[in-house]
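Q: Please take a close look at one stretch of this model for me, and follow it outward into whatever it touches. I'd like the numbers and the cut-offs kept in.

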Amino acid sequence: MKRLLPAPLLSAALFLLWLLLNRSASPGNLVMALVLAWLVPLLTRGLRPLPVRIRRPGVVLRLGLRVMVDTLHSNAAVLRFILFPRLRRHPAAFVHIPLQLRDPNALAVLAMIVCITPGTVWAELARDRSVLLLHVLEVDDPQAVIDHVQNHYERPLMEIFE
């Protein structure tokens, strides 16, 4: 069954989404929705990440709250930067962050966290996944940025995924 329908929830979502987008449950749309719901997960099976087993759900909640708080602080800092560019405290810089995190799902979550936080951009990940190159809008102390990412994001992600 798993070979024929590798992602049943994705198939169901695609089926419903097709019908909702077309605003019709005509026979043609039903057939097309079934074909898409069956083929898309089948053809994209190799693109799906590894199965995830979350080891510490409480840490997920703490990490989510931390990301929300950091995002609010970053929004305020970027807003200050945009409204008052002359008050810019420090120049932008690239920061090399050593990583212990190796799980591909955890790295994907780290990428999302970094990219949704205003003022930071994931620039590059070393081939061996040992160093992250992060662009930060204002950098006073690169070590403080490294410590923040390692302590507030990497360490909880290691608890969750590894």
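A: Arg23 is exposed, at 79% relative accessibility (exposed means over 50% relative accessible area, buried under 20%, and partly exposed in between, with a 1.4 Å probe and protein chains only). This is a predicted model, where local features need pLDDT of at least 70 and side-chain atom pairs count only at pLDDT 80 or more, while totals for chains, interfaces and linings use all residues. Residues are numbered from 1 along each chain as its sequence is written, and side-chain values use heavy atoms, with hydrogens and water left out.

Back to Arg23: the residue sits in the loop between H1 and H2. Its phi is near 50°, a positive value in a residue other than glycine. Arg129 is another case, with phi near 60°, again positive and again not a glycine. Arg129 belongs to the loop between strand E2 (120-125) and E3, and at 33% relative accessibility it is partly exposed. Helices (H or I, at least four residues) and strands (E, at least two) are DSSP runs, numbered from the N terminus.

On one side of the Arg23 loop is H2, residues 27-43. H2 has 17 residues and spans 24 Å from first C-alpha to last, close to the 24 Å expected at 1.5 Å a residue (the expected span is 1.5 Å times one less than the number of residues). Its buried residues are Asn29, Ala33, Ala37 and Pro41. Looking down the axis of H2, these fall within an arc of 75°, so they line one face of the helix (the arc is that of the directions from the helix axis to the C-beta atoms). What do they pack against? The partner is helix H1 (8-22), with contact meaning heavy atoms within 4.5 Å. Turn H2 around and the face away from the buried side shows the exposed residues Pro27, Val31, Leu34 and Leu43.

Further along the chain, the loop between H2 and helix H3 (57-83) holds Arg56. Arg56 and Glu159 join their side chains in a salt bridge at 2.8 Å, N to O (a salt bridge is a side-chain nitrogen of Lys or Arg within 4 Å of a carboxyl oxygen of Asp or Glu). That pair links distant parts of the chain, since Glu159 is in helix H5 (residues 142-161) and the two are 103 residues apart. Both ends are partly exposed: Glu159 has a relative accessible area of 27%, and Arg56 has 42%.

A search of the whole structure turns up 3 salt bridges. Asp70 and Arg66 make one of them, at 3.1 Å, N to O. Being 4 residues apart in H3, Asp70 and Arg66 are separated by about one helical turn. Asp70 is buried at 7% relative accessible area, whereas Arg66 is partly exposed at 31%. Glu138 and Arg80 make another, at 2.7 Å, N to O. Glu138 lies in the loop between strand E3 (131-136) and H5, and Arg80 in H3, so the pair ties together parts that are 58 residues apart in sequence. Arg80 is buried, with a relative accessible area of 16%.

H3 itself has 27 residues and reaches 39 Å from first C-alpha to last, close to the 39 Å expected at 1.5 Å a residue. Buried in H3 are Val59, Leu63, Val67, Asp70, Thr71, Ser74, Val78, Arg80 and Phe81. These buried residues pack against helix H4 (104-116) and H5. Leu65 is also in H3, but at 46% relative accessibility it is partly exposed. The C-alpha atoms of Leu65 and Met158 are 17 Å apart, with their positions 93 residues apart along the chain.

Last stop, the surface: Leu79, Ile82, Leu83, Phe84 and Leu87 make a nonpolar patch of about 530 Å². For patches, residues need over 30% relative accessible area and no salt bridge; like charges are joined within 9 Å, and nonpolar side chains (Val, Leu, Ile, Met, Phe, Trp, Tyr) within 5 Å. The areas come from the Shrake-Rupley method with a 1.4 Å probe, and for residues only the protein chains shown count as cover. Within that patch, Phe84 lies in the loop between H3 and strand E1 (93-98) and is partly exposed, with a relative accessible area of 46%.
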